Amino acid sequence: MEIKQRSEIQRQYKWRIEDLYALEEGWQFDYDVLSARENELDKYRGRLGDASVLLECLRVKDELEEAMERLFVYANMRLHEDSRVSEYQGMADKAGNLLSKLSASAAFIEPEILALPDSRIKNMAKPGLEVYRHYLDNLARLKAHVLSPEMEELLARSYEIAEAPQNAYSMLNNADMKFAVIKDEYGKEVQITHGRYISLMESANRDVRRETFNAFYAEYIKMKNTIAALYNASVKKDIFFAKAHKFSSSIEASLAENNIPVQVYTNLIKVTEEFLPDMHRYVRLRKKILNLPELHMYDLYTPLVPEADTKVTYEDAKATVLQALTPMGAEYTRVVKSGFNSGWIDVYENEGKRSGAYSWGAYGRHPYVLMNFDNKLNDMFTIAHEMGHAMHSYYSWDAQPYVYSGHTIFTAEVASTVNEALLTEHLLKVTADDIQRRYIINHFIEQFRSTVFRQTMFAEFEMLAHQMAEQGEPLTVSSLCELYRGLNEKYYGGGIILDSQIDFEWARIPHFYNAFYVYQYATGFSAAVALSRRILREGAAAVDDYVNFLRCGSSEYSIDQLKKAGVDMSASTTVRQALSVFRGLIDKLEAAG
Ligand SMILES: [Zn+2]
């Protein structure tokens, strides 16, 4: 089927971008105004110890950032509509440049506040400044880990050098490494790329999967010594900065940034361990359902149940999502519905449009969703997911001042996953067709596997590798491979052949150069599943707590926000509740045999 031009798409399926700027001249006007204010923050430099100056400075900074956000979002959303349009390329470029200039001009503010005596930050009072209390507390919280200005300056100058392992890995992985050409299931030659790897691994044809797996890993194994040296340097870098800033370990330093207790991390690993027998059960079921004499690592991605042929129209998908969200109450669904009807969503693919899906927007306006709806069941899940993000923004923007209008990374995927979990529950209730039911169950199981189990295994690897280095043990190809193989044995059990290539998986994960990050995918997903259960079980009271959480933005620490919503991430119960759902799904799949 030929892809349409954007002009051929009916208006009701395009987002109402004019709600950001009615006319392009408006964008240009704002751009000129903001450009002229580029150095406005300069006049506050060196004076932030005075509460009135501080308040004025923070207000001006927010005002500039808010205006900048709208310019940036509009230019880039335009570009995403059709990336071939040079006018939009130019606007996005200009917006990007202005954004970095403004960020640079505001860069002095936080170090200057941090240089003030502790008691001074805590006791600053001025009508209006109380809005910024959490912002200031959050800054002051890490003051014990801030060194003298000379030391901080020296460290700051080393950051660029410290990025070398990550940059070099990224260059190697994305630019220099080339993967082999293999034959796909139609006998057509395809070059393996990062983007194609997973879809080739999902192939129903086992030869394609095996060849892809072998050829892909062969390139990493060729580079094994270089990659081990880069990873070793990256871990050493984490340890160096943690020690320099007087943290007792690199994991503590990393989690302190968002005020997450280390216990949240270790609990996740401990509780996931309790449910590994269920993961092993799933592995054995996979072998049985795929009807294979042995299950290999390259058999992990191929769908157990092919996506049912059923076509889902956009109208039906919206109606089903709305129904699935009924437990959220009348107010929530009213807003979702009005979002559907008033141009929040850019629905269909067109020539030049950005692929995938996201939710975005600018404070003070309504949120937007970009997607490429293709009448598949999976696209219905995308609507539920992205509208979850959009509703999170909608509530936070409504309730919070600009400074707290964003979400913390730790909570980012909660709202989207709650909606997906509710959709799954709803579909399981109303779907009679056996194949479709199995597809839905498997879809949810795979989310648990890839978001909880896999990311927790990554998290455990990162923790152990950093501990090894902290205890002075060398990180070499063989010690990293041994560590990784042990983890694979633990997570997948004896029901799968651990092909030797998988020992090198650590060599192909770019996230490892941004240490102690991926565990948040697992905790966020677990929190969302537990919350969706609570909403289904307790109704209105649970919904109230949940909506209050959506309204929080970043005005409180993540762990406290989630506690208010009804899940305590520092206790084991939340992850256990979520993984019990996984256990139930495996039971269902087993029963469906
Ligand atoms: Zn998401």
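**Close-up 1. What lines the largest cavity in this predicted model?** Sort the lining by class and you get 10 nonpolar, 1 polar and 3 charged residues. That makes up the 14 residues lining the largest cavity, and those closest to its centre are Met297, Tyr301, Arg454, Ile502 and Glu505. The space inside is about 80 Å³. Four helices each chip in at least two residues of this lining: H9 (194–201), H10 (206–222), H19 (434–470) and H20 (477–492). If you go hunting for others, the count of cavities of 30 Å³ or more comes to 3.

**Close-up 2. Helix H1 meets helix H2.** Here H1 (residues 24–36) packs against H2 (residues 51–81) at an angle of about 140 degrees, and their axes are 10 Å apart. Angles over 145 degrees would count as roughly antiparallel, so this pair gets called oblique instead. The crossing of H1 and H2 is left-handed. On the H1 side, look for Glu24, Trp27, Asp30, Tyr31 and Leu34. H2 answers with Leu64, Ala67, Met68, Arg70, Leu71, Tyr74, Ala75 and Arg78. Split by class, the contact has 9 nonpolar residues, no polar ones and 4 charged ones.

**Close-up 3. Helix H7 beside helix H11.** How are these two helices oriented to each other? Helix H7 (residues 149–162) and helix H11 (residues 224–244) pack at about 170 degrees, with 12 Å between their axes. With the cut-off for roughly antiparallel set at over 145 degrees, H7 and H11 therefore count as roughly antiparallel. From H7, the residues to spot are Leu155, Ser158, Tyr159 and Ala162. They meet Lys237, Phe240, Phe241 and Ala244 in H11. This contact holds 6 nonpolar residues, plus 1 polar and 1 charged.

**Close-up 4. Helix H14 crosses helix H20.** You've already met H20 as one of the helices lining the largest cavity. In this view, its axis and that of H14 (residues 276–290) come within 7 Å and cross at roughly 80 degrees. Since 65 to 115 degrees counts as roughly perpendicular, that is the label for H14 and H20. H14 brings Leu276, Met279, His280 and Val283 to the contact, while H20 brings Lys490, Tyr491 and Tyr492. By class, the residues of this contact divide into 5 nonpolar, 1 polar and 1 charged.

Definitions and conventions: Residues numbered from 1 in each chain as written. Predicted model: local features only at pLDDT ≥ 70, side-chain atom pairs only at ≥ 80, totals over all residues. Heavy atoms only, no water. 1 Å grid on protein atoms, 1.4 Å probe; cavity = no way out; pocket = protein on both sides within 12 Å on 5 of 7 lines; lining within 4 Å. Points joined across faces, edges and corners; volume = space filled by probe spheres on them. Nonpolar A, V, L, I, M, F, W, Y, C, P; charged D, E, K, R; others polar. Axes fitted to C-alpha atoms, helices over the stretch in contact; angles between N-to-C directions. Parallel < 35°, antiparallel > 145°, perpendicular 65-115°, else oblique. Left-handed = near helix turned anticlockwise from the far one by under 90°. Contact = heavy atoms within 4.5 Å.
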